[in-house]
Each structure stands twice: as structure tokens, then as C-alpha cells.
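Colleague: Could you take one part of this model and walk me through it closely? I'd like the geometry and the contacts, with your cut-offs spelled out.

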Amino acid sequence: MNTRILFRYGLIACGLLFTVACSTTQNAASAQQETSEKGTSEFEKAIEKSIAYEGLFTVYQDTTNGSTKLAIKEDQLDKEYIYFGLSQDGVLEAGHFRGAYRDNKVFKVRKYYDRIEFVAQNTNYYFDEDSPLSRAAEANISEATLVSAKIEAEDKENGIMLIDGNAIFLSENFNQIKPSPSPAQRPGSFSLGSLSREKTKYSEIRSYPENTDVVVEYVYDSPFSMGATSDAVTDNRFVTIRFQHSFIEMPENDYRSRYDDPRVGYFMTETDDQVSTDATPYRDLIHRWHLVKQNPEAELSDPVEPIVWWIENTTPLEFRETIKEATLAWNEAFEAAGFTNAIEVKVQPDDAEWEAGDIRYNVLRWTSSPIPPFGGYGPSFVNPRTGQILGADVMLEWVFFSNRMREQDIFADDIAMRERLGEAMNGSYCTFGHHMQQNNQFGMSALHVMGAPEEEFSEFQKEALTMLILHEVGHTLGLSHNMQASTLHSPADIHSEELANTIGLTGSVMDYSTVNVSSDRSNQGRYYDIKPGPYDIWAIEFGYNPELDDEDYREDVLSRSTEPELAFGNDADDMRSPGKAIDPRVMIDDMSSDPVAYAVDRIELTGELKNGLVEKYGTREGQSYQELRNAFFTLMGRRATQAGVISRQIGGVYRDRAFIGQDGGSRPFTPVPAEKQKEAMSYLAEYLFAPEAYSSSHDVYSYLQIQRRGFNFFSSTEDPKIHDLVLGAQTNVLNHLMHPATMKRITDSRTYGNEYSVADVTADLTAAIFEEDADSNVNTFRQNLQIAYTERLIGILGSDAHDRIAKSAALYNLQQIKEMTGARGAANNETRAHTAHIHLLIDKAMES
Ligand SMILES: [Zn+2]
């Protein structure tokens, strides 16, 4: 039984049964009056017209003007509490949205003469109390005094002091609601005005023995708003953010912190051991739930308190069973850690007396918001002193199932999404739902064009929802991403339903793998993972098995990290953005142990599907062409993504994090074999750069129409921008191959085995982009590509970020290009113009 849900009074008693709550306060006050006439009269006067929300911190709210007083008991002084801030509702543009987890910190309540201070503590450092150094633990560490409030009345007899609650809750002292202006912010983008003291008000107060929650409606005024507006904002001048402050009692229990290891991926609180002489003086606390066996002797036991999930009553009925099953699927992983029934799932009743934002409940929430920041998000909040997870939610967005499409997101990786959200999200942000939605749209389009039967679509959607829930619930258990997990099976095994059902489609549901649609309908296995994979089971054992408190056992478990099915690499390791990270096995949107072969298969598939689009979507009488257009952009987006996957081989370096002497480990860095890199280059030449790569299937382009809505073509015309689309895919890959980090690594890694030099890579690129039509007419896709490539070579010449080896290669290739294109004798007008353009660019670059 979860004790956190037992304390269910407070708001109900105070809010609904108004008179009862009031008289309770008065009774308490008159009882106090008997004991201390003078001391309480002042105290009593201060709260006489107030409702009391009694709990960890008692909040008195004045019934005449809504202001609050906070009661501090003497025994609360100098004690630590946990603060947790949660956006209850907001506008995405301002970095707030329903269910966004914000600050999570430790604070102390202190008395300074006639004032009460709330002081945030720095939890980044650890000092062993036995070391004399611990006496200097405060050296050069700045605490943050968040609030200092005058004691307005005191009940000396009972040791209670009253301070102004407005200074704490109606301010931004505990959590900065309005984001600081960012230098990267574009002029004219949305921004909040000034906090209105008059309009900002309490929306809800709840107090329980273990936590006190105050929900505030912050209103920001900007009378002459200049910034961009949002449909979600009713009037741009007045914007409301609903925000919840929670003060939480520091848990006193036998929870034992568990320290992080680089071979497993958990969210964590980083802590430095300040008295250690170690090269890695880390005591990084992984985030995990406090699970205790009912029967500690038993190999398998139910926990004393399971992790209880509630499906929010806003969840569409038809999804609830799948959500429940997917959440409970994690119990398999906990069994490896010694726990049965670790997770329970219940449904929030329609007439529940608590709301989903209540931190005492872990809720699988469902919303459909205007600009969904994700399809799913699984945050948790912790005790920063120990890493114990105290609560979590999973936010799900209806957009996950919709066919809405934001074409500007086709090439946007989630970095763009992060930028849109600013600093709101810190480390826990997950764009998996967004990633899934793109994959779902691809999968659905593929099924449509390949003529799959109706029941296949519902099976597909069920697997997709299962995958989403598995992933987001995985986050709430403490797991971070594992972008290497999709390398588990060979391309030959990847469509085996048997393997997917027993072992898993990938090693981990924490990967962003691609939807596994088979190009052969008769050989369709699982589209997505339907259960935690071998890595997930191992990671849960690492995090939760009580036996791992034993150092030797911990080492035994960790020594397995070299097993291929336990491969792990997180967001910092993955190569999703151009120039980022080093190991091509750690990539999003890839699949199988041969991601290049798989990507080529995807590209072939998108080509075939593209040819079937007009026939499948263009014949739906009585409909506009919007769906055809969405399907086309989805296919092109997938195709571009797969070209990106292929490109990561070039200049790639496999990294191994096995510890020294660990069985199965290799040296940390091994360059990708030259043959593999060259193979990747030849596929890029064929599928991305070749003259015919995009010039076929012209017929579909004339159907790509958006359904008109109002005046929505004012900012851009409605005709399809085919050349921009194609060039976008091509430059995405050039951005990676010609990135200073990639080019430097190609050269550096030659010292430890790389045999594909910058000179060779650029020569092969130049050949791929220029050779085939060097003596003939150049089509317009190639004209764009050739100029873009030439401009990038010129850019390297003048770049501070590139090394001299890259500059020399750039210079040489520019000379080669001029030579190759110099003899275009019989060319048509446009090719002559294009060639003259290239020559001018090169000549100018050579002069300067
Ligand atoms: Zn995620």
C-alpha cells in the first residue's frame, strides 16, 4: 500500500467544507488563548479571518483578500526540506506546459532575529564527516537565500511563527517562472511581460502531513506587446502561467543511495567527493525508487510499497488497457532485480477527489495541447540528497495518434525542439513521442501503399502506443536513453517475430530506433518493441536489486556490460546532429547490427512507396490532397534521415567503455574499418548525390497541395518547394561530413588505425558530386548540390574551426572541380550558366 496516498484531507476539508475548516481554526485558537493570553491574541488576530490548510507547513488564507500567512514551527528551524516546482499549465512559447517538471532542490528554514529565511542548499559536494576537511565544507560555496520574511506574529507557547506567504508564493523566488532573455532569442519571438502583483493569485492550496502544495496563477502584463503571438494565448498582452510550489518533508528512511557507473544509463544527481584522492571522485546518485522487499530473505518478493501508477481520467477509453499492459510489462525487469509486482496500475476515477497534478500520485496523463512539445514525456522528482525518486508522471499527447504534420520539423532533430523550449526542460527532456509520431506516419503510409488489411493498422497502433509507454515509464524508473540498443539483431533476424517476442526487437526500449516496417509484407515481424529488452532488464537489476549493495555483486553485474545485447550509449554519445559524437552504432533512427544495409533498404522502400503515392492517396474522391502531401513529406523525411544514418560511418570511431581487464572489452577507441566507411560513401553517392537520385517520379510533385485554410499562404506560396527539400537532405549530410569535428577526427584517428584520410574522403565526395555529369548537362538538383558543395569547400578555407589538413584538401578539391568542369563543351544554357557560377566562386576564393 502506498502511504503517500493515505493522507487525503486538507484541500477537501478546507475548501469544500468551508465553515468546518474555519471553526477548526477558531477552536484551535481559543484553546491556545487559555494558555497564553497575550502571545496568542496577536497570533489569533493575524489569522482570525483565515482558513487553515493544516499540514507539513500550515497555510492560513485570509477570507477577505486571499492573501496568505505561512506558519513555521520552531522545530522546523534549521531542518532541510525538498522543494519541487511544477508547471500546471502554461504556454509552450514561454517554456511552460502542463506537467513540466521544474526546480527540484533542498532548502533550509532559518531564523535571523525577527526574520525567517528560506535558504537553498548546494548539494553538489560531499565531505566525509570524519575528515577534518569537512569543517571547511562551506568554503567558496554560495548558498542562495531565496526569501527573508519578517515574523508578523508569534505563538510563543506553541512555538509557531507567522510570516507573509505572499513573499514566498506570489513571487518567483523559489522558481524563476519568466525565462531570462536568451542571446539566441530571435527578435520578435514570444516573450512574457512583467509580473502583475494585482493579478497574480492563489489558485489552490493543499497541505498534507508530508507535503504542502500551493498553486499560483502568475499573470504577466505587457500593454504594448510586440512579440509574436500564439493561438494558445487568448490575448498576447496578458499571459497566465499556472505553477505549483511543493514543500516536501525530507524522507527519513533506510534508503541507500546507489552510485552511478559509466556503463549503465541512469538519471542522476552529480556529487563530488571533496576529500577523495581518486581520479574520478564521484558519488553520483542514481535516481531510483525506494523498493524494499516484504520478505528480505526471499529471492523474489513483493515490495513493501509498490510503485503505483494512475491512468488519468482524461485518457481515451480505448487506450487504457494497452497503457496498463505496457506499464506492467516493466514488472518482468523488476523480477530480475528480485521483486514481484513492483508496479501497480489503477485508473483515476472520474469523480476522483484529487487532481493529476497532485504530487502524491504518479499519473499517466493524457492531453491534447495546441503545440504539443512531445508525444510523451516521463519526468520524476527526487530527494537531491539521496537520489530517491519521490514521484513521477508520464505526459502523453494526443498528437501521437494524429496525422498532423509540421513540415518544418522534417529535418529538425530534437535539438530544434529543445531550442523552442529554452531552458525549461533541463536534462530530462525527451522528444521520443515526436520521434515516434514521425515513424508512425511513415509506418502508416507504408501500410497504406502496400495495401495492408484494416486489422494491421490497429495492431500497428497498439505496438506504437506500447512502445511509447514502455519508453516513458522507463524514464520514470530512472533510466536515461540508450541509443545504441537497436544494434541487437542482424538484418536477417530483424523481422523475426519470435526473437522480438522473446528477447526484444532491440536491446532497450530507451532507444530511438526506427519503425521496423518490412518491405516484404509476408515477412513482417514486430514494428516496435513490446517489452523491456535485455539491456533494460540488466539496468533495472543494477538499479534495484538490493544485492548490489554488496560491492562484489555489483561488480559481477557490471562486468556483463560487454555483452552485445547490453550495449549502451546515451544522448551525449549519439550522433543525431551533424558533427556530434563519434560512434556510428550510437544513433537514432537506425536499426540492426548493420545500420547501413538497413538504411539502404529503407531508402529503396521509400522510393517504391513514393511511386505508389498518387495511386493510393490521389484517388480518394471527395478529399483534398493534404494526406498525399503529408505522406510524401513523411517519406522524404525518412529518406533523408536514413542518408544521415549512413553518413555517420565516415570518420566514425567505435568507443568501448569496458573497464581495464573486463572480459570482452577492447581498447577504448577503434576507427570504423576503411571498407565500411567507403561503402557508406558509395551509398551516399548513389542514393543522395547522383544525378538521378531525385530526378525520377516527377509526376507526384504536381499533386503536393496543402488544403487552403483562410489566408495561410501569405508567408509562403503554396506550391511545393521540391528543390529546397532535396537540397535540405543533401546538405544535412554534407554538414556532418564537412564538420570541423568530423574532419579533425578523420585525421586524428589515423594515428590509431583509420585508413580513410580527409584527402580521400573529399576526393570521393567531389567525384560523387561532379564526376557523372562533368561532361554533360547538369540537372537542377545537381546544380544546387554542386554549388552548395563548392560553397562549403570555400567556407573551409576561411574557417577558424577547421584544421590545415582540411583546408589543404578544400583548396585542392576546388582546383579539381574547376578542372573537371572546364571542358563542358556541348552544355545547354543552364549548365553553362551554372558552370560560370562555379568558376566565379572558385576564382574569387583563390584571389582572396
Ligand atoms: Zn526518452
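Modeller: Sure, here is a close look at one helix pair. This is a predicted model, so to speak: local features need pLDDT of at least 70, side-chain atom pairs count only at pLDDT 80 or more, and totals for chains, interfaces and linings use all residues. Residues are numbered from 1 along each chain as its sequence is written, and side-chain values use heavy atoms, with hydrogens and water left out.

The pair is helix H14, residues 626-647, and helix H17, residues 722-737; helices here are DSSP runs of H or I with at least four residues, numbered from the N terminus. Two packed helices are described by the angle between their axes and the distance between the axes. For H14 and H17 the angle is about 20°, and the axes sit 9 Å apart. Each axis is a line fitted to C-alpha atoms over the stretch in contact, and the angle runs from 0 to 180 degrees between N-to-C directions. H14 and H17 are therefore roughly parallel, a label for angles under 35 degrees. The crossing of H14 past H17 is right-handed, meaning the near helix is turned clockwise from the far one by less than a right angle.

As for who touches whom, H14 brings Phe632, Phe633, Met636, Ala640, Ala643, Gly644 and Ser647. Across from them, H17 offers Leu725, Val726, Ala729, Val733, His736 and Leu737, with contact meaning heavy atoms within 4.5 Å. That contact splits into 10 nonpolar residues, three polar and no charged; Ala, Val, Leu, Ile, Met, Phe, Trp, Tyr, Cys and Pro count as nonpolar, Asp, Glu, Lys and Arg as charged, and the others, Gly among them, as polar.

Conventions: Helix = DSSP H or I, 4+ residues; strand = E, 2+ residues; numbered from the N terminus. Parallel < 35°, antiparallel > 145°, perpendicular 65-115°, else oblique.
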